[in-house]
Amino acid sequence: MKKILLTGASGYIGSHLMNKLKENYEIIAVSRNIENKSNEQNVTWKSADLFDLNEITEVMKNVDIAIYLVHSMMPSARLTQASFEDMDAILADNFAKASSFNKVKHIVFMSGLIPNTNELSPHLRSRLESERILGAYGVPVTTLRAGLIIGAKGSSYPILKKLVERLPGLLLPKWAYNTTLPVAIDDVINGLYKIVERDPQENESIDIGGPSHMTYKDLFNQTAQVLDKSLPTLDLPIIPIWLSKYWVKLISGVPKEMVYPLMDSLIHDMIRDNKNIVEDISIGKIDYKESVRNALEEEAVTQKKSKKTSKSAIKDVRAISRVTLPIDMTMSQLVELYASFLNEITLNVINSNFDEENFTITVPFLNKKLLLLRKDRVASNEESILYRIVGGDFALDSNGGNARLEFRRLPYSDECIIALQEYEPTLPWWFYKYTQAKIHKSVMNLFKLKLKTKKSTEKGGFNMKKFILPVVIVGVIVLKIYGLKKYLAKNNNMSNAEL
């Protein structure tokens with residue numbers, strides 16, 4: 001019996017797929033939190049944080065097929081200073097590296113339909129980048145690309161349903177006449193199951209959708225018909241997409257982290273690509289109205305079974321930045337440049353020291369060690385350098401945590417990810433959030449700018465040293481004024497605008 005690693009096993013698509021696969025395969029079901037999960041025949045639950053390469057590599061031992069159903073729209077730590085695109089890139093890179101190390105035979109990836117254009121929305125651009133990263137380490141990847149998945153707990157359909165239920169009528173923007181390809185969750189699960197049975201020798205992409213393409217206006221009207229509701233519509237093409245985001249978030253009640261990226265993709269026509277059509281997979285059998293009725297029935301059942309989940313109280317931080325490297329810069333050179341930059345931007349008040357084993361950040365005249373980092377030689381190589389945070393006045397390390405700072409080049413790219421992960425500050429949380437966290441973010445933004453302008457400086461462009469100090473001074477003044485305004489607003493029950 002083949003062994004399958006299933007990430008996202010506790011999610012909506014993952015749980016459906018697991019129920020179908022467990023009859024004929026041995027499943028390693030992976031989730032970050034498995035407190036309420038129980039092993040059963042052919043299903044073993046394992047906890048792993050996919051942001052941690054060591055953890056995902058460990059749980060992937062002796063696996064034949066690895067299924068990747070992961071997306072990072074929602075924040076993954078108490079404080080997340082990272083775009084979902086950068087988080088997705090790290091997760092995909094970890095998963096691909098672990099698959100290659102463990103000699104996995106096949107990766108299955110769930111993605112979105114990709115329009116034939118170079119101007120993709122951030123959401124679709126991230127999906128395509130994840131597909132490229134997953135396929136960069138020698139393990140064949142099959143990507144199933146789907147549009148709007150119709151199911152009780154999908155990402156897009158519940159938003160659509162809530163809009164139809166809650167609005168007395170609809171003003172239709174221009175994007176309402178764009179084409180999409182809805183597909184029933186059952187057709188998606190059947191497609192994924194058939195892909196698991198495939199044995200590709202190279203990367204492949206397969207489009208899947210329902211029997212017919214539709215406009216978003218069609219989706220609204222047909223959903224209203226299934227719900228037996230009158231939904232008058234009026235064309236108002238001048239409504240911009242950015243305004244649509246606000247009212248969709250307001251009416252649906254879905255967090256902006258989920259709504260905004262999905263809404264950005266509405267500008268595209270989502271259609272099946274003929275070159276990505278595979279018989280018995282690409283064209284689903286369930287039409288749109290039937291898929292909505294099935295979703296309503298499923299929703300009625302799951303509401304009765306729903307359980308409250310506890311939230312972790314860990315006060316960790318995930319801060320990720322993506323930088324573009326100058327040609328031929330190694331990871332060691334990048335770390336050395338970063339350490340030098342920290343000294344430069346603080347006018348050497350803070351001393352950042354880098355060598356082959358350690359990275360230390362200190363305040364010499366106060367004899368204070370802010371952060372002590374030690375290089376993880378096992379996890380580091382030419383394309384990645386990982387430092388473990390092992391001490392310092394700014395870090396909690398007494399419990400042997402997994403706080404780390406990593407510099408990682410993305411495969412076949414001049415881009416690098418700099419990631420501070422699972423960091424737990426010693427400062428009171430509210431104080432850290434509005435001081436140290438903001439400073440770190442500003443420093444990383446300036447470092448990105450330094451790398452971008454490095455070439456132009458060498459060619460006689462503007463001098464970064466002359467640019468940094470004024471920016472820092474202005475930034476501090478702005479933050480001070482902003483903090484004062486918030487304080488006054490809080491104590492005088494006034495808004496910032498009134499001040």
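## Thr 143 and strand β7

Thr 143 is buried, at 0% relative accessibility. This residue sits in strand β7, which covers residues 141-146. The model is predicted, and every value here is computed from it.

Beyond residues up to four places away in sequence, Thr 143 touches Phe 109, Ser 111 and Glu 131. Glu 204, Ser 205 and Ile 206 are also on its contact list.

## Glu 204 and strand β12

Glu 204 lies in strand β12, residues 204-208. Its relative accessible area is 18%. Glu 204 therefore counts as buried, since the cut-off is under 20%.

Setting aside neighbours within four places in sequence, Glu 204 is in contact with Val 141, Thr 142, Thr 143 and Arg 198. Thr 143 is thus listed for Glu 204, and Glu 204 is listed for Thr 143.

## The Glu 204–Thr 142 pair

Glu 204 and Thr 142 are 62 residues apart along the chain. Their C-alpha atoms are separated by 4.9 Å. The two side chains are joined by a polar contact of 2.7 Å.

## Two positive phi angles

Most residues other than glycine have a negative phi. Two residues in loops depart from that pattern.

Asn 62 is not a glycine, yet its phi is positive, about 65 degrees. Asn 62 is found in the loop between α2 (53-59) and β4 (65-68). Its relative accessibility is 64%. Asn 62 counts as exposed because that value is over the 50% cut-off.

Asp 280 is not a glycine either, and has a positive phi of about 70 degrees. Its loop runs between α9 (256-264) and α10 (288-305). Asp 280 counts as exposed, with 58% relative accessibility.

## The chain as a whole

The chain has 499 residues, and 49% of them count as buried. Its secondary structure comprises 14 helices and 21 strands.

Consider contacts between residues at least 6 apart in sequence: 69% of these join residues at least 24 apart. The Glu 204–Thr 142 pair, 62 residues apart, spans a sequence separation of that kind.

The chain exposes about 25,400 Å². Carbon and sulfur atoms supply 53% of that area.

## Summary

Thr 143 in β7 is buried at 0%, and Glu 204 is buried at 18%. Glu 204 has a polar contact with the side chain of Thr 142. By contrast, Asn 62 is exposed, as is Asp 280.

Technical notes
Residues are numbered from 1 along each chain as its sequence is written. This is a predicted model: local features need pLDDT of at least 70, side-chain atom pairs count only at pLDDT 80 or more; totals for chains, interfaces and linings use all residues. Side-chain values use heavy atoms; hydrogens and water are left out. Helices (H or I, at least four residues) and strands (E, at least two) are DSSP runs, numbered from the N terminus. Buried means under 20% relative accessible area, exposed over 50%, partly exposed in between (1.4 Å probe, protein chains only). Contact means heavy atoms within 4.5 Å. A polar contact is a pair of N or O atoms within 3.5 Å; within protein, one must be able to donate a hydrogen and the other to accept it, and residues adjacent in sequence count only if both atoms are side-chain atoms. Accessible areas come from the Shrake-Rupley method with a 1.4 Å probe; for residues, only the protein chains shown count as cover.
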